[in-house]
Amino acid sequence: MVERITNGLLRRGLLILALLLPGAALAAESAAVTSPRVTATLLSSRDVVAPGERFQVALSQKIAKGWHTYWANPGDSGEPTRIEWTLPAGFSVGAIQWPAPKALPVEPLVNFGFGDAVLLPVEITVPEGAQPGERLALKANATWLVCEKICIPEEGSFTLDLKVGPAPVADEAAQSRIDAARAALPQPADFRAKLTQDGDALALALPGLGQPVEELRYFPLLETLIEHAAPQTATNTAAGTVLQLARSSSFKVGETELSGVITYREAGVPRALSLMADVEPALVNSTTAPQAAQAPAVVRVAAAPESNLTLWAALAFAFAGGLILNLMPCVLPVLFIKALGFAQAAQASRAEVREQGLLFLCGVLTSFIILAGAVIALAALGTSIGWGFQLQSPPVVIALAVIMVLIGLNLLGAFEIGGSVQGAGHGLASSGGRLGAFMTGALAVIVATPCTAPFMGAAMGYAVTQPPQIALAVFLALALGFAAPVVLLSFAPGWLRLLPKPGRWMVILKQAFAFPMFATATWLVWVASVQAGPGGVLAALAAILAAGFLVWLLGLGRSAGGRTRVALSALALFVAVSAGAFVLQSAVPSATDAARAGDIEPWSPERVAALQAEGRPVFVNFTAAWCITCLANERVALVRQEVKDTFAKLNVAYLKADWTNRNATIAAALAEHGRAGVPLYLFYPGTKGAPPEILPQLLTTDMLVEAAGRAAGKEARTAQNRP
């Protein structure tokens, strides 16, 4: 009895002494970081650490009722908690030891995470050379996303003050809490699962679960494996339990084995197992979707609903977008050429006209297949590109300008390619006519890429997230929609009778069609000026001059003798190579800012975050100089005085993300919001971390004014407003 009293008095005396002596107190728990939603602290299982030992710390989160934070795989949306450490020399730290998550339904979605409270243990190793008596400061910066109906990114800085001693001294209270959390971690399964394809679904064989269990659920670490909100159905077999899983619409598996967690109840007792699953080889593709890792904390905004399209909806959207694309101004000049061909065919046989339509279709399909192949191949290499990517290269833009000028000169009669316009049907029957029909279709696709028609954004955004065969199907649906009007006209039985007989009017019409070609070339030279500055304009004009000189030389060569023709051909080759080299050297993308005037600022994710933190609504315009739809929206809506006055009144920040030249950060932002190209318009509320509202691709003044009001009121109705 006397000994127990003495020990008790001694402990109290030491505690009082530690509190009284300056700097003597050690902290096994950091100061709390508190918000109305989460109270976070960092715990240490040790007051004193010993050289060479491993000990546990844990980030504790007490979460307000109705709110939740996220697991390593957050499910349909969200972002996992991340910790960045600053440790003394020689110390090392392990990864977060994740508890078993809960499925958190937020109709129609499901997130994976934690409510009420959670401890996230982490193991720290002390170096062998640590000196007893040395004081340590373990510092951590943690970020987490906490969500209810809205999501708010939060962060905190934590410090643990510990001491090195000859032997470890535990903090019993913290040790008890951390031990309890580690005891509840998913235990390694004593069996390996197997993931196989089961029709359109997946089957996860769990041979170690022989007896029936309740509430069985699989939580994969890979985010692109399953539809998180879909039911999971368990079937008991003689070999164990098989869990039926819905395959993700953005399914991507790059490894032959996957890790995850299963939770279930056995005789009413909750269980959790961590397991490895062998993946059927047929499920593995070449594009690896990263598993959850300790990457820098970035708030991942859930993709827009368009990215959740079914395949059939994406195909329908692509076909409709292709049809509407024919009405875009960048396509009409080339379609004028096709219209001229049909006018020339007024008296030709139906078979010849149909042949022209089918050859046009072949040209369209060929160009779309090449574009799709480039997108798919570069995506497999981890490079994000989108619709219109080829026009981000100044030399390509200049080459298109040259082609438009040459077509215009040909239509004016400066030189001839192939047959004459005289004699209806003669040109169609010639090889030049067939090649012309094919090349018209191919060229129409190339110059169509500056435009984005309604429905196209959703379809293209879906395509670039899918396996190659599905992406190709979406591109082909777009091609069929694009070619459909011309093909249908070529098969219409009576439309040719509406045209007058061939005559001088055809020559006049042919010459008139030259001027839309020159207008397109003028616009392309302007695009080159935006991309490469004055050097781009000089390169474009030099290329046009060289092309005209080449055509003249080739015309001389037709009527010249053998040696003269060889000399002219050699000179033409020299001019072509020299002009090409000059264009490549001069047409270098300009480093000037995209946002040049007024109150428009260049876009960056950091700038958006900073403006939201100030409480300012933010409008972001993802655009490009070669995007006709973007330019039309600027003229129709964005430059209107009513819009400018509203932005000024509501203190809206206007940011421009210019994709005229290639920019990987902009490409990634487009992909994040389910888009493969511009335009994209986002309106961020003036609330820190709040997700944006995605506006339609065709803007109106009223639409912008109303969206600004919603954003300024901090209650933006977002197309993707989900936790």
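Select helix H18 (residues 701–712): its buried residues are Thr701, Leu704, Ala707, Ala708, Arg710 and Ala711. Buried means under 20% relative accessible area, exposed means over 50%, and partly exposed lies in between (1.4 Å probe, protein chains only). Helices (H or I, at least four residues) and strands (E, at least two) are DSSP runs, numbered from the N terminus.

This is a predicted model, in which local features need pLDDT of at least 70 and side-chain atom pairs count only at pLDDT 80 or more, while totals for chains, interfaces and linings use all residues. Residues are numbered from 1 along each chain as its sequence is written, and side-chain values use heavy atoms, with hydrogens and water left out.

Stay on H18 and take the distance between its end C-alpha atoms. The helix has 12 residues and reaches 17 Å from the first C-alpha to the last, close to the 16 Å expected at 1.5 Å a residue. The expected span is 1.5 Å times one less than the number of residues.

**Strand S23 and its partners**

Next, select residues 618–623, strand S23. Of its 6 residues, 6 are buried, so the strand is largely enclosed by the rest of the structure. Val618, Val620 and Phe622 lie on one side and Phe619, Asn621 and Thr623 on the other, and both faces are covered. In a regular strand the side chains alternate between the two faces of the sheet.

Add strand S24 (residues 653–658), which pairs with S23 in the parallel sense over 6 bridges. Two strands pair if DSSP finds at least two bridges between them. Valine 618 has alanine 653 as its bridge partner in S24.

Then add strand S25 (residues 680–684), which runs antiparallel to S23 and is joined to it by 5 bridges. Here phenylalanine 619 is matched with phenylalanine 683 as its bridge partner.

From S24, step back to asparagine 651, in the loop between helix H16 (641–649) and S24. Its phi is near 60°, a positive value in a residue other than glycine. Asparagine 651 is partly exposed, with a relative accessible area of 40%.

**Glutamine 612**

Select helix H14 (residues 605–613) and pick out glutamine 612. Is this residue buried or exposed? At 5% relative accessibility, glutamine 612 counts as buried. Its side chain reaches the backbone oxygen of alanine 690 at 3.1 Å. A polar contact is a pair of N or O atoms within 3.5 Å; within protein, one must be able to donate a hydrogen and the other to accept it, and residues adjacent in sequence count only if both atoms are side-chain atoms.

**A nonpolar patch on the surface**

Switch to a surface view and select Phe549, Trp552, Leu556, Leu571 and Phe574. These residues form a nonpolar patch with about 490 Å² of accessible area together. Helix H12 (514–559) and helix H13 (562–586) are the elements that give two or more residues to the patch, and H12 gives the most, with 3 residues.

Patches are made of residues with over 30% relative accessible area and no salt bridge; like charges are joined within 9 Å, and nonpolar side chains (Val, Leu, Ile, Met, Phe, Trp, Tyr) within 5 Å. A salt bridge is a side-chain nitrogen of Lys or Arg within 4 Å of a carboxyl oxygen of Asp or Glu. Phenylalanine 549, in H12, is partly exposed, with a relative accessible area of 33%.

**Proline 394**

Move to proline 394 in helix H6 (residues 394–412). The residue is buried, with a relative accessible area of 4%. Show alanine 528 as well: the two are 134 residues apart in sequence and 5.6 Å apart in space, C-alpha to C-alpha.

**An open sheet of five strands**

Select the open sheet whose 5 strands come in the order S1-S2-S4-S10-S7, with antiparallel pairing. Strand S1 (33–34) and strand S7 (92–93) are the edge strands, each pairing on one side only.

Centre on strand S4 (residues 54–63), which 9 bridges join to strand S10 (residues 117–125). S4 is mostly covered, as 8 of its 10 residues are buried. Arginine 54 stands opposite threonine 125 in S10. Strand S2 (residues 38–44) is joined to S4 by 7 bridges.

Which residues flank glutamine 61 of S4? Alanine 40 stands opposite glutamine 61, and valine 118 is the bridge partner of glutamine 61 in S10.

**Glutamate 215**

Finish at glutamate 215 in strand S17 (residues 214–220). Its phi is near 55°, a positive value in a residue other than glycine. At 58% relative accessibility, glutamate 215 counts as exposed.

How values were computed. Areas by Shrake-Rupley, 256 points an atom, 1.4 Å probe, with all protein chains shown as cover.
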